[in-house]
Amino acid sequence: MSPDGKIEQKSLPHSCQRIRPIGGFFALLDSLVQRLPETVKVEAHQIERLSKAENTWTLYGRNKRCFGPYSSVIFAFDAIPRASRKASQKQLLERALPLSAGVIASSAYAVMSSCMAIVLHFEPALEVPFDTIVFESDAVLKFMSRNPKGDQMHRNLQEKNDTWTLVATPEWSLKQRPDAWGVDQHSVRMWDKKKVGSAMLLALERALGQNLRRARQIIPTFHWEGCSYLTQVVDGPQCAFDASAGLGWCGDMFGGAGPAGAVASASDMCDLLSSYHQDEESSSLPAKSQWGPRSPSHGDEDTLSIIGPETGRSEPKDGLDHTWETAVRIAGGIHVRAADSYKKFRKSGPTGNNVPHGPWDGRRSSGMSLTCERIDDGLLKLTGVSKDMQHNLLKASFPRGTVGVCGGLWDPKKQLIDLGSGDCWKGSCPRQVTIAELGLHGSHVLEWDSVPDELAEVLQAIRHAVPEPKILQHFEPDCARLTFENMCGRTIQRDQTLCGWSRDNDRVNDQDDSPKIMIVLGKSKISRGFKYRKEDRLSLDVSLSPGDILLLHGDARRWVSAVNGFEELPHVDSPFDFVHLWLLDHRQLQKLRPSVYNSIHHPAVPRPGGVEYKWMQFTYTVLDETDSMGYFHVELNDGTSPPEDMKVESGEGKEGKDTRFSQLTAKRRRWHAKRVIVDSDFQALGA
């Protein structure tokens, strides 16, 4: 896109061919790994440290596992999906000092740029005939790249349409966060993610000349530290290998940004290894004179369009990358025998070995392995709960004797309960039904003694997967709350929500930022949106499939949230469209806000005229009988004969008058029944 707003489609030279892997590059890598000869062994392990004795290396993993001996060890950052990330790799190299000093020093000249970025989803889809738009001379934006819907393996971008990554220029990004020096600095100021993201979206509207209010931010604004490498090795092999130590490092940081640079670096590394194992001189540790700026090429797009010299960080312009000060010190001639740049992550990061202990001790140990992803400050998403565990967890969350409330949508004008799909409540109570027949929504609470072992197993896996154990260090849940929803023909339109934006109603006070955990079950994928305030235009929307888990803590407990997307999944069997199984610690809530605690743990029997009667009209009690799937049957009551352990909410006001409809609103409800079924039993209930 030219400075005057005109979009120009650039054609490649005849000698160039553009190829896009089906499923994305991660899918291509997985496929290539499967094609390796049987003599090549590929395993995924989290390595904590490595050491060399005599002429061989030994790698040490979790649970005191050892791997080796090996004659050489090669690092290939991001070469295999789901492997250790950059912080983990740097820790390993630092723990191998001083033997790793030569390799570390060479990497110091791989200068990368840092840019602000957001990921957007458009509904309806953004119709442009390009995969990448590069903005020339735009004060804010550098490029926007399409993330094709079907090509996002391992990237957690599961949306209805293609998504788009929007990246700002390094120069503009520096102004938004001028004191961002990288991970080794501890005094980075708090920058306004909401303000930065909104400014980038407005700049995109101006550039495209379109109203983009339909844009939904699915990944929050983030400071992309390693957006693009600005330098590459221009003289000699494009990798680093120290033959005296048998240690090497390859990747696009040496060979030039992008897949082509990564392949070039790997090829050079293979040549050096071949020579090394033939006892030939094979060391290659590129010094400063062997590095140079990455030259732009015709047709460069995406991250390749960023060529420097601005890094987007406030740091010395000395040709060194200051996001890793250990490398800078060694490259500057300082003899470093030991370093730990990531000390604050030593116990809680990817190479941490801190195993937390808590109130769940004594439960059976978990063999479950979850993957944790940081969505934003205070918001973590975990995945990996198997379908069998999901089924067992839901079944165990309806133990015999459990009492809850449920219902449809009460229409005060028509005096009927809408159950969706054009149906209304018909019949009398008490009535025995399956849990799939509990209406549109409902909930119940399991106190500590009733929590199933399956939930304890999931919690233990969560504790192991969370990168910072201190988040759950003092979290001792005393209950679990299950809420369920059946859509029954209802839909959630664009820019709408299921039940409106709301804040957590179980916080002790405005300063309460204690953690809470939500496990998603059922047969549908949902989107849960988060905003700072109800009035905000943009929301952070998190896609959640059955088995996904959200952990909220810190600032995230202060946000408003809502279910703002729904998609039923094929070939998934469950009695509910979606279930939220909350793991909570309500001991302080019971002490400081007893009325709120009682409304959650001991809800009143729904009565016409009651505050909650608009949504809940029945109580249910779990019985002994089960259905074909192993779920218990329940008994429905409409308030005429409530369970003994539930309160009865009176329909009389202070003056003794019948006020059972005085609190019902005449506001038009969100969904309307297609047909009405009324009989004498229902009239008796509503009269």
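Contact here means heavy atoms within 4.5 Å. With that in hand, the cover over one helix of this predicted model can be followed, and the rest of the fold after it.

What covers the buried residues of helix H9 includes a helix, H10 (453-465), along with strand S22 (479-485), strand S24 (516-522) and strand S29 (578-584). H9 itself runs over residues 387-396, and its buried residues are Met-389, Gln-390, Leu-393 and Leu-394. Looking down the helix axis, these buried residues fall within an arc of 130°, so they line one face of H9. The other side of H9 is where Lys-387 and Asp-388 sit, and both are exposed.

Stepping back to the whole protein, there are 13 helices and 31 strands. Half the chain is tucked away, in that 50% of the 687 residues count as buried. Among contacts with a separation of 6 or more, 77% are between residues 24 or more positions apart. The accessible surface comes to about 33700 Å², and carbon and sulfur atoms own 50% of that.

Val-622 gives a local view of such long-range packing. This valine lies in strand S30 and counts as buried, at 3% relative accessibility. Val-622 and Phe-398 are 224 residues apart in sequence, yet their C-alpha atoms are 6.7 Å apart in space. Leaving aside residues up to four places away in sequence, Val-622 touches Phe-398, Pro-399, Arg-400, Gly-401 and Thr-402, and also Phe-632, His-633 and Val-634.

Next come the aromatic rings. The structure holds 13 aromatic pairs. In one of them, Trp-249 and Phe-254 have ring centres 6.1 Å apart and planes at 75°, so this pair is edge-to-face. Both Trp-249 and Phe-254 are buried. Another pair, Trp-425 with Phe-618, is tilted, with 4.7 Å from centre to centre and 50° between the planes. Trp-425 lies in the loop between strand S19 (423-424) and strand S20 (431-433), while Phe-618 belongs to strand S30 (residues 618-626), so the pair ties together parts that are 193 residues apart in sequence. Trp-425 is buried, with a relative accessible area of 6%, and Phe-618 counts as buried as well, at 3% relative accessibility. Strand S30 thus turns up again, as the strand that holds Val-622. As for clusters, Trp-249 and Phe-254 join Trp-291 and Trp-324 in one aromatic cluster.

Rings also meet charged side chains. Arg-49 lies over the face of Tyr-60, at 3.9 Å from the ring centre. Lys-516 does likewise with Trp-582, lying over the ring face at 4.4 Å from the centre.

On to the cysteines. A disulfide is a covalent bond between the sulfur atoms of two cysteines. A search of the whole structure turns up zero disulfides. Cys-115 is in no disulfide, and the nearest cysteine sulfur, that of Cys-227, is 4.2 Å away; the cut-off for a disulfide is 2.5 Å between the sulfur atoms. Cys-115 counts as buried, at 0% relative accessibility. Cys-499, on the other hand, is exposed, with a relative accessible area of 57%.

The backbone has a few spots worth a look. The peptide bond from Gly-68 to Pro-69 is cis, with omega near 5°, and Pro-69 is found in strand S3 (residues 66-70). A cis peptide bond also joins Glu-123 and Pro-124, with omega about 5°. Pro-124 has its place in the loop between strand S5 (112-122) and strand S6 (132-134).

Two serines have a positive phi. For Ser-137 the value is about 65°, although this residue is not a glycine. Ser-137 is found in the loop between S6 and strand S7 (141-147), and it counts as exposed at 69% relative accessibility. Ser-421 has a phi near 55°, again positive in a residue other than glycine. The loop between strand S18 (416-420) and S19 is where Ser-421 is found, and this serine counts as partly exposed, at 40% relative accessibility.

Key: Residues numbered from 1 in each chain as written. Predicted model: local features only at pLDDT ≥ 70, side-chain atom pairs only at ≥ 80, totals over all residues. Heavy atoms only, no water. Buried < 20%, exposed > 50% of the residue type's maximum accessible area, 1.4 Å probe, protein only. Helix = DSSP H or I, 4+ residues; strand = E, 2+ residues; numbered from the N terminus. Arc of directions from axis to C-beta. Areas by Shrake-Rupley, 256 points an atom, 1.4 Å probe, with all protein chains shown as cover. Phe/Tyr/Trp six-rings, centres within 6.5 Å; stacked < 30°, edge-to-face > 60°. Lys NZ or Arg CZ within 6 Å of the ring centre and 35° of its normal.
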